[in-house]
Amino acid sequence: MQTVATGVWISLAIYFILMIAIGVYAYFKQKNDVEGYMLGGRNLGPAVTALSAGASDMSGWLLLGLPGYMYASGVVSIWIALGLTIGAFANYLIVAPRLRVFTEVADNAITLPDYFSNRFNDTSHLLRIMSAVVIIVFFTVYTAASLVAGGKLFESSLGLSYDLGLWVTAGVVVAYTLFGGFLAVSLTDFVQGVIMLIAMLLVPIVAFTEIGGVSEGMAAAQQVNSEVFNWTNGVTTMGIISLMAWGFGYFGQPHIIVRFMAIRSVKDVPVATAIGMGWMILSLIGALGVGLAGIGYIAKTGAKLDDPETIFLFFSQVLFHPLISGFLLAAILAAIMSTISSQLLVVSSSLTRDVYKLFFNKNATESQQVTVGRISVVVVAIVAIILAGDRNSSVLELVSHAWAGFGAAFGPLVILSLMWKRMNRNGALAGAIVGALTVIIWVYGGLTINGQPANSVIYSILPGFAFSFIATIVVSLMTAPPKDFIVARFEEMEKGLKG
């Protein structure tokens with residue numbers, strides 16, 4: 001037992017040291033200005049952009065949630081993976097190139113609320129304030145949920161206390177985010193993305209090999225669950241649509257699309273798309289493979305698995321040498337930490353640009369804003385640790401709907417702002433409010449469909465996204481068109497896309 005613990009800790013120690021070393025490197029590499037700290041100087045290469053977006057997107061869901069879903073439900077879980085793949089690809093095609101150009105054209109916008117405000121010349125700051133509040137509240141809570149995953153991982157896999165797991169996870173993330181800013185977050189995400197991909201391919205290959213190959217594993221799985229290969233097992237047509245609707249969320253996730261604002265050039269987007277989609281497809285196949293291999297392995301060996309979402313952890317402990325087990329645990333931490341760091345930086349950037357500079361110090365220098373950004377990282381992390389202290393907090397229930405909330409509030413706003421020159425500030429504000437309220441009412445308003453909670457029948461992002469889209473168009477057409485200089489900026493963005 002001691003050998004196992006030692007081997008695991010050696011791998012984890014190497015991982016932690018590597019993350020902090022990258023943060024130190026980024027600190028000396030980047031410029032000490034706002035664009036450098038919050039966007040990496042808009043100089044990310046396509047590979048770093050792609051893997052950073054992927055790693056910050058997937059979180060622990062890729063290594064725990066999706067394999068567990070496959071293990072429990074069978075190939076019906078492929079629908080959500082398919083929806084996410086289509087959504088991510090559309091995000092690269094529609095949002096990435098336009099947002100890269102337009103954020104620079106729109107007075108060099110650094111944050112998403114920055115972009116919304118500058119895009120529509122919102123002198124009232126209502127759009128910026130509304131966007132900033134959504135980001136600060138939801139991402140602080142979202143960060144807390146990610147920390148909970150880290151705490152439970154330390155508790156269940158390493159035999160350490162839950163609270164210690166919270167502080168270690170948060171401490172390492174804060175260390176490299178605080179000093180290295182966006183560049184450190186992106187570079188660590190790149191490394192974490194590589195670790196996650198290797199883990200997701202290694203585990204199912206070894207697991208299937210242990211039980212005699214893929215065909216043997218699939219046969220064993222079908223003996224245990226005759227519906228394992230039924231693509232519609234337990235779900236209706238609307239259920240399948242709801243699973244695939246997860247893809248709509250991509251258009252409104254600030255921690256993902258901020259990577260598009262930071263890529264070196266719009267000419268790098270096609271390469272980033274190829275790398276990002278390749279990484280995502282292979283990772284999703286690996287995650288589904290882990291779940292499928294788990295059904296066959298448990299059936300053939302008679303092993304016991306209490307929680308389907310621990311199948312990856314189970315394989316890491318029973319199939320591999322302690323050093324490799326440590327590497328696989330590091331892959332889970334990588335998934336968790338890459339999301340935490342991205343969320344911390346987005347929140348701190350918004351606190352700096354959309355709260356401190358707007359309300360407290362309009363003439364803040366570049367160095368002052370960077371300092372406030374670093375302080376904000378620490379403050380948000382501490383608040384998130386406090387929220388995560390109660391693992392049974394209702395906060396976690398809120399977070400389960402954050403993807404839908406962001407997707408509905410910001411998704412149509414982002415797409416239409418990049419594609420439709422007639423859109424105005426009033427339409428943007430109406431769409432964002434309608435989208436967010438629809439998700440909240442759909443989930444917490446007591447609505448039912450055929451006697452069942454509405455959200456269990458139709459995922460809240462579907463009505464939220466649709467109503468937001470409609471509200472944005474209707475209100476824009478009913479109110480005054482944008483001024484000529486705003487239209488001119490849009491046309492400048494279109495020219496920028498052509499090189």
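Select Leu437 to begin: this residue is partly exposed, with a relative accessible area of 45%. Partly exposed is the class between buried, under 20% relative accessible area, and exposed, over 50% (1.4 Å probe, protein chains only). The model is a predicted one, in which local features need pLDDT of at least 70 and side-chain atom pairs count only at pLDDT 80 or more, while totals for chains, interfaces and linings use all residues. Residues are numbered from 1 along each chain as its sequence is written, and side-chain values use heavy atoms, with hydrogens and water left out.

**The patch around Leu437**

Leu437 sits in helix α18, residues 425-444. Helices here are DSSP runs (H or I, at least four residues), numbered from the N terminus. Now add Ile433, Ile440, Ile441, Tyr444 and Leu447 to the selection; with Leu437 they make a nonpolar surface patch of about 510 Å². A patch takes residues with over 30% relative accessible area and no salt bridge, joining like charges within 9 Å and nonpolar side chains (Val, Leu, Ile, Met, Phe, Trp, Tyr) within 5 Å. The areas come from the Shrake-Rupley method with a 1.4 Å probe, and for residues only the protein chains shown count as cover.

**Colour by confidence**

Next, colour the model by pLDDT, the predictor's confidence in each residue, from 0 to 100. The protein averages 86, and 97% of the residues score at least 70. Among the elements, helix α16 (residues 395-399) has the lowest mean, 54, and helix α20 (residues 461-478) the highest, 96.

**Helix α20**

Stay with α20. Its 18 residues reach 25 Å from first C-alpha to last, close to the expected 26 Å at 1.5 Å a residue. The expected span is 1.5 Å times one less than the number of residues. Buried residues of α20 include Ile461, Leu462, Phe465 and Ala471. The buried residues of this helix pack against α10 (237-244), α17 (402-419) and α18.

**Helix α7**

Select residues 126-158. This is helix α7, with 33 residues and a reach of 47 Å from its first C-alpha to its last, close to the 48 Å expected. Of those 33 residues 24 are buried, so α7 is largely enclosed by the rest of the structure. Step just past the helix to Gly159, which takes a positive phi of about 70 degrees.

**Two buried residues**

Go to Val173 in helix α8, residues 162-210. Val173 is buried, at a relative accessible area of 0%. Apart from neighbours within four places in sequence, Val173 is in contact with Met337, Ile340, Ser341 and Leu344. Contact means heavy atoms within 4.5 Å. To try a distance, pick the C-alpha atoms of Val173 and Lys29: they are separated by 19 Å, and the two residues are 144 apart along the chain.

Then pick Ser342, in helix α14. Ser342 is buried as well, with a relative accessible area of 1%. Not counting residues up to four places away in sequence, Ser342 touches Ser56, Val185, Asp189, His255 and Arg259. The C-alpha atoms of Ser342 and Thr143 are separated by 9.3 Å, although these residues are 199 apart along the chain.

**Salt bridges**

The last stop is the charged pairs. The structure holds 10 salt bridges. Such a bridge is a side-chain nitrogen of Lys or Arg within 4 Å of a carboxyl oxygen of Asp or Glu.

Show the side chains of Asp107 and Arg489, which meet in a salt bridge at 2.9 Å, N to O. Asp107 is in the loop between α5 (78-105) and α6 (112-119), and Arg489 is in helix α21 (residues 484-497), so that the pair links distant parts of the chain, 382 residues apart. Asp107 counts as exposed at 52% relative accessibility, whereas Arg489 counts as buried at 16%.

Move on to Arg353 and Asp114, another salt bridge, at 3.0 Å, N to O. Arg353 lies in helix α14 (residues 322-360) and Asp114 in helix α6, so the pair ties together parts that are 239 residues apart in sequence. Arg353 is buried, with a relative accessible area of 16%, and Asp114 counts as buried at 3%. Add Arg128 and Asp354 to this selection: with Asp114 and Arg353 they are linked in a network of salt bridges.

Finish at Asp268 and Arg264, a salt bridge whose closest N and O atoms are 3.0 Å apart. Asp268 counts as buried at 14% relative accessibility, and Arg264 as partly exposed at 41%.

Definitions and conventions. Helices (H or I, at least four residues) and strands (E, at least two) are DSSP runs, numbered from the N terminus.
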